[in-house]
Every structure is written in structure tokens, then in C-alpha cells.
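Student: I should like to work through this protein step by step. Could we begin with how its parts are paired and packed?

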Amino acid sequence: MGAFIKLEDSPMFLKQIFSLEKTTDELEDRCRRLHNGCRMFMETLGEASNGDISFADSLEGFGGGQDDPVSVSIGGPVISKFITAFRELATYKDQLRSQVEHVLTDRLMQFLNEDLQGVRDSRQRFDKAMHEYDQTREKFVSLKKNTRGDIIAGLEEDLLNSKSAFEKSRFNLVNALMNVEAKKKYEFLESISALMDAHLRYFKLGFDLFGQMEPFIHQVLTYAQQSKELANIEQDKLAKRIQEFRTQAELDNLQVSNSLDPSVVSDGIHGSGINSYRNVEAAPMSIVNGKVETIKQGYLLKRSSGSRGDWKRMFFVLDSQGALYYYKNKASKYVGQQSHSFNRSEEHNNSVFGRFRSRHTRASSLNEEILRCSTVNLHTSTIKMDAEDSDLRLCFRIISPSKTFTLQAENEADRMDWVNKITAAIASLFNSYFLQQPFLEAKYPECDKNNFDDYNVQTLHDKRLEDGSQVDSVSKILREIPGNDLCAECGTPEPEWASLNLGILLCIECSGVHRNLGVHISKVRSIILDVKVWEPSILDLFKNLGNAYCNSIWEGLFLADTGSDNTQHAVATSIPKPSRRDAIQLRERYIQAKYVEKMFVAKDSEAPGNISYAKSIWEAVKTDDLREAYRLIAVSAVSIVNTTYDNVVGVNSSPHLDNEPSGSNRESHNPSSCGRDWDSNQSRNSLQGCSLLHLACQNDNQVMLELLLQFGADINVRDSHGRTPLHQCISQKNNMLAKLLLRRGARPSIKDCGGLSALERAMDMGAITDEELFLLLTGSE
């Protein structure tokens, strides 16, 4: 501010003003260019923020966070975490744009519109005042000596006023110029420094965000690399299988062509090769080993049974059980009587996303809207080497009492191969029927011998499975349980059926009655046929129950003291327990009264209502008392398997399972306080909204969990923090129970109040080393 040392009106003073004005004009020009650059910078930041959001939305539409099969196969549950990161980056960019606008753009506009505009306005007032002062001074000095005194006095007063106005405007201009000179020394440095500080915070937030995600990113990259290597291996194996398949197909065609008998006539079969019979006769061995082999498969043309007699190309499969079935491709047609349409459907799926679907069966991978499977019954069929009412070559017919199938092969070798193998399958089924006839008569006397179609090949296959080691072990384990050597209802020896939720074994007649009750009452399964049902958890459940104990609950009145309630006991004894020789009507009446009406259950005399049962079953699950929990489920008039801690609080005001002080941590039960971080120790003590399933998972009680699920407990129930039992198992790193819940239908996509699914929770806790658990978490729903 030492520029104006002397403030007298002089040429030097004006020179200083003009010099400062020139500097101010140049500064204004630079400020406007900088403002334009700031505006473009802000627009770029806004576009970048919108770009991040658009990219995150496109990732979400691509598959992130969705549960459909395509999304799961491309890693949608994993991508959802990246989507969140991009949206947070967009938020950071928008914050940076706001700070640029506040600390630089707005201050520049204020400097231009107030400070620099003030200099221009002061200059205009200075010019006007100087012009008026010059005019007044010229008038005053031009007065003659003989001018009247009053005129001189008036002009002198005007001169003093104009000079005063001139001096005021001159100093105002000086102040405005010096204000600009002063501000330019700190205003821009402050703004630019604040802008750099905003960038520093922006990049620090981004660094912190991706620093937290770095282990997760490396884990995903490692998994992707492993998946890539596995995919390459699978592609190499596929290429090798394709080459082997083509070579074998050529050898088979050559072998069949060489074995053709030229003496074959149109109405008979003279070349039914012995190899075909051997192929099908080997079926029992493959069935015992748990495998159903394919004897032959390929495309044949089938004539429709309609009046038009159209030909359609279909894919036929003959397996080692003697079953012949075909797939109809709705897009494939045969046009006309002489022309064939070979519109080939896509036989191999070239998708690279198979790693999440490795456990799916062939049927689940076929599009049901395109393919439809039908079966040809070979049990009472014969085969003819012609096509009725047709002069087409390469035809043969499969004739059964109900329907005739007219088929056409692509060449003579293929036709003879199909005829030989189907003939062998028919002979094998015929022989198997007579071999199994004593078994059928003894075990299923009600089966109509003339209606063997109803007793199909699957029945024979299941009968062979009875000799397998797994079936023997299951039946042996179940029948060694006290009371399980006899049917729980009628006492028939060696029962072969079971009720999974009731924990009892039944004979075949009583199992039919149980099945009619509905699965909400009794879930009936065979201990011989339903091999896959008998998982270790279900076997452990049966070991803890058994017919003897279960009947002591469901038939408690028969064992109770008759003096306690003579009326109730009299009603119970009015419906006699059936014997093995009783009619089905007596069984139905007894089983209905036993399980639906619960007429024989000894009720707790001290229990006032269902609230008491809720408290009791909570204590039973808490103390791992499986039999008591089963008893309470049986005696309760309503379902109590979905009891929550809130129901128990209505009876017992203790806020926590472990008898913590009253009111402690009560606010932590508020769902709004559930953040994204997971404290497993704290979560185990917070019980508000917890169900019996949560409690069983916390106690690591697999058998109790199985009991609750069998009686219909809601597997996806959520506590006050939005956590499911699956979240509970993941937090405790209990992979065994987590996999059990996923196999029973738990949905891994449910998010807790922190916004994280079970998969995301597991990844937050570290790398998932259990590959089966990872596949279940990413492939379920």
C-alpha cells in the first residue's frame, strides 16, 4: 500500500492511478479465463461422477447383486461389492465438485462482480467529478473584474463543492484500486490452497476405500485366475472327448455296417446281434453301482399319429434300465413326405460360466420351453422292420397295445443297431419280470399281474438297490433304535418307511395313511428307496428319538395314571390301537386321532397356555434338550417352532440368554444401530428378534436344527438386526451348519441391516477356504 506516498492531485498521482488500472484490467482478464477453466473443471467432475454412477448401474444391470442363474454364474454376488465402491467414488467426486464451486468458482465470481466492478464504478464517478470540477473552475477563472459579487460568490461556492466531490471520488478510486491490490496477494492463494486440500481429502478417501477392499480384490483375482485355469482344463478335456467321440462313432458305424445281414427282409428280424443283448443284460450290475448307463442315443425321424402323418426329428435315448425316451425339439420340423428338415438344435452349451453349475443335473440344464421328454413303454412292445402304409426306406416300428411308433433312421447300419438294441431291451425286461415275479407276488399281492406297466422298470431298479451297502447300513442303523423293529402304529415287523419329522418307522400300509395327512403333519420317506434323504443329521435325529420314545409322547394317555383324568383316558381308549391285520379304515381313524387331533397326548396340567410352551421350548433348545423340545412341539396346540426371544420376554423379562443385567445394551438391539461391521461376540449376546433356529445355530446343535426344520421352522427368519440363521453360522465360522442351512433352502441373498449378504459377511471375515460353502453361497436361491 506504499504506492500512494503523496496524495496531492498531481500528474504523478494520476500516473499511479493509470498504472494500477492497467494492472487491474489485466487481472480481470486473467480472472475471467480462470473462471472459464473452473467451470469446465466442474462440468468434467460432474460428468465423471455421473459416469461412475452410470457404470455402477450398468454393472448392476449386468448381474451385480441379482440372484438369477446368469448373474450367479458371472459372479454377481461378488460384483455387488464393486458396485458399492463405484457409487462411493461418485459421491467423492460430487463432493470435490461442490468444494471447487465453493472455494474457487464462487470466490472468483465475487471478486469479479464486487471488487473489480467496484474499481470500474469508482473510475466512472472519478471521471465525472473531474469533468464537473474542470468546468466549474473554468467558469470561475473566466469572470471579469466588474462581475457582481453575488455571482462570484455563487461560482466560488460551486467550485468548492465540485472540488470536494472530486477529492472524494479520487480517494474512493484509490481505495478501490488498493483493495484489489491487497486481495490479489492472498485471495487466490487461499482459494487454490483450499482446492488442493479438497483434492487431498478426495484422494485420501479413495485410498482408504480401496485400501479396505485390497484383500478382497486380490482374493477375487486369485479365484478368477483359478477359474480360468480350470476352464482351460475343461476345454482341453472337452476337445479330447469330442475327438474320442468322433473316433468311436466312426468305429461303431463301421462295425455295424460290417455286421449287417443282407438276408434281412421287411417283415422280420434276422440279425439281432448278440452284443446288443449283452449290453442290456449288463444293466443290473450298473444299477447296483448306482449308475444308469446309456446303451444308445441319437436322432430318429418319428411319424406323428395325426391324420397328416408329419415326420419330426427327435432325439431318442435307450438306457441300461430298458427305458426308451425321446426329446422333442419344438424348433425342429419335418416338411413334406419326401424332404427332411435337419434343423439341428444347439447340442453343446458354449457358455464359459459353468463353474457355478457343476452340481446341476442334465435335466435342469435343458430349457423346458424348448425340450419336452416323452417315454416309450417297452414292457409289452414288439418291433417290426417296416413302415406301415409307407414306401420309405430305413423304417421300423415299435408296437405296443396302446400305441405304435413309426421311426426312420438315417442309414441302414443305424437302423439295424437301433432294432437290435431295442429288441434286446424288450427281451431283458421280459426276463426281468419273470425273475422278479416271486418277489412281486409275496411283497405286493395287491399288484395286478395283468397291469405290469404300472410296476415299471424303476421299481425293479429300486428293488436291486435294496442289496446295496448304503441301504443296508441305513436300515440297520434305524432298526437298532429302541422300538424301531416294529411299525409305530400297528406293530408290523421290519418297517421300511419312516416319517422324517415325527422320527418313527412305519409299515407300507400305515405310511400310506401318514402320506394322506399332508407333509405339514408327516413327511413320509422310504428307508430303502430314498437313499439320498438319509443324511447324517437326520440319522442322528432318529437315534435320539425312535418309536419307543415318540409313542410315549403321542400315546401318553395310554401310559398315564387313569385316575388323573378319567374322561380324557376314556375317550382315548375308545379308539383302539390297530394291529397288523386290521383294515385300512381302522388305521386311518387311529392315526388321524393320534397326530391331527392329538387325542392321546398327555397335556401338561400346569401349562396355562401357549406362552408357557414358548418359554419351555426356548429353554429346551437353550439347554440342548432334544427330547423335551420334541415333546413340547407334540403337546402344543399350535406350532411353536417359530418362537422368538420376544415371545419369551413376555414370560421372562431377562433381556439376554446368559442372564446379563437388566437393561444392559438394550439400545444395541435397535436395528438402526446395526452397522456394516460385524462383531460376532456381541451378536451372540443380542437376542432381540432371535428365533429358535438362531439359538440352535449359536449352540452348534445340528440335530436340534434338523428337528426344528423338519417341523417347519422358517429357515429365513430374521432377528432385529436383519440377520438370518445363515448369518449366525457365518459369523461363528460354523461351515457345517451353514452348508446344512443352504442345502435346506436358506437364501444367501438376504441382507442384514448393515446391507451385507451372508456371502459378503463371510468375505469380510477373510478368505473362504471351504469351496463347497463358497459354491453354495454363490449358487443357491
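Tutor: Let us begin with a definition: two strands pair if DSSP finds at least two bridges between them. Please keep in mind that this is a predicted model.

Student: How many bridges join strand β5 to β6, and in which sense do the two run?

Tutor: Strand β5 covers residues 382-384. One of its bridges places Thr382 opposite Ile399 of β6. With at least two bridges needed for a pair, the two strands qualify, for they run antiparallel and are joined by three bridges.

Student: Which residue of β7 stands opposite Ile399?

Tutor: Strand β7 covers residues 404-408 and runs antiparallel to β6, with five bridges between them. A hairpin of four residues leads from β6 to β7. Within this pairing, the residue opposite Ile399 is Thr404.

Student: How many of the five residues of strand β6 are buried?

Tutor: A residue is buried if its relative accessible area is under 20%. Strand β6, residues 395-399, is largely enclosed by the rest of the structure, because the number of its five residues that are buried is four.

Student: In the open sheet of three strands, which strands stand at the edges?

Tutor: The order of this sheet is β9-β8-β10, with antiparallel pairing. An edge strand has a single partner, so one side of it is left without a neighbour in the sheet; this applies to β9 and β10.

Student: What is the average twist from one strand to the next, and which residue of β10 stands opposite Trp497?

Tutor: The twist averages 35° from one strand to the next. Strand β8, residues 497-499, pairs with β10 over three bridges in the antiparallel sense. In β10, the residue opposite Trp497 is Ser526.

Student: At what angle does helix α12 run to β9?

Tutor: Helix α12 is formed by residues 508-517. This helix lies across β8, β9 and β10. Its angle to β9 is about 115°.

Student: How many disulfides does a search of the whole structure find, and why is there no bond between Cys510 and Cys507?

Tutor: A disulfide requires two cysteine sulfur atoms within 2.5 Å. The sulfur of Cys507 is the closest cysteine sulfur to that of Cys510, but at 3.6 Å it is too far for a bond. Cys510 also counts as buried, because its relative accessibility is 0%. Across the whole structure, the number of disulfides found is zero.

Student: Which elements do the buried residues of helix α14 pack against?

Tutor: Helix α14, residues 546-554, is largely enclosed by the rest of the structure, because seven of its nine residues are buried. Among those buried are Tyr549, Cys550, Ile553 and Trp554. The elements they pack against are β9, α13, α15, α17 and α19.

Student: Which residue just after α13 takes a positive phi?

Tutor: Helix α13 has several buried residues, including Ile538, Leu539 and Phe542. Just after this helix, a phi of about 90° is found at Gly546.

Student: How many residues has the largest nonpolar core, and which helix gives the largest share of it?

Tutor: In soluble globular proteins, nonpolar side chains tend to be buried together. The largest nonpolar core here has 78 residues, and Tyr630, Leu705 and Leu726 are among those with the most contacts inside it. The largest share of this core, seven residues, comes from α19.

Student: Which residues does Leu726 touch, leaving aside those up to four places away in sequence?

Tutor: A contact needs heavy atoms within 4.5 Å. With residues up to four places away left out, those touched by Leu726 are Ala738, Leu741, Leu742, Ala746, Arg747, Pro748, Ala758 and Leu777.

Student: Which residues does UniProt list for "repeat: ANK", and how far apart are the end C-alpha atoms of residues 721-753?

Tutor: The unreviewed UniProt entry lists residues 688-720 and 721-753 under this name. Residues 688-720 are 48% helix and 0% strand, with end C-alpha atoms 6 Å apart. Residues 721-753 are likewise 48% helix and 0% strand, and their end C-alpha atoms are separated by 5 Å.

Student: Is Gln117 buried, partly exposed or exposed?

Tutor: Gln117 lies in helix α3, residues 76-141. Partly exposed applies between the limits of 20% and 50% relative accessible area. At 28% relative accessibility, Gln117 therefore counts as partly exposed.

Key
Residues numbered from 1 in each chain as written. Predicted model: local features only at pLDDT ≥ 70, side-chain atom pairs only at ≥ 80, totals over all residues. Heavy atoms only, no water. Buried < 20%, exposed > 50% of the residue type's maximum accessible area, 1.4 Å probe, protein only. UniProt positions renumbered as here; feature names shortened; annotations may be inferred. Core = buried A, V, L, I, M, F, W, Y, C linked by side-chain atoms within 4.5 Å. Axes fitted to C-alpha atoms, helices over the stretch in contact; angles between N-to-C directions.
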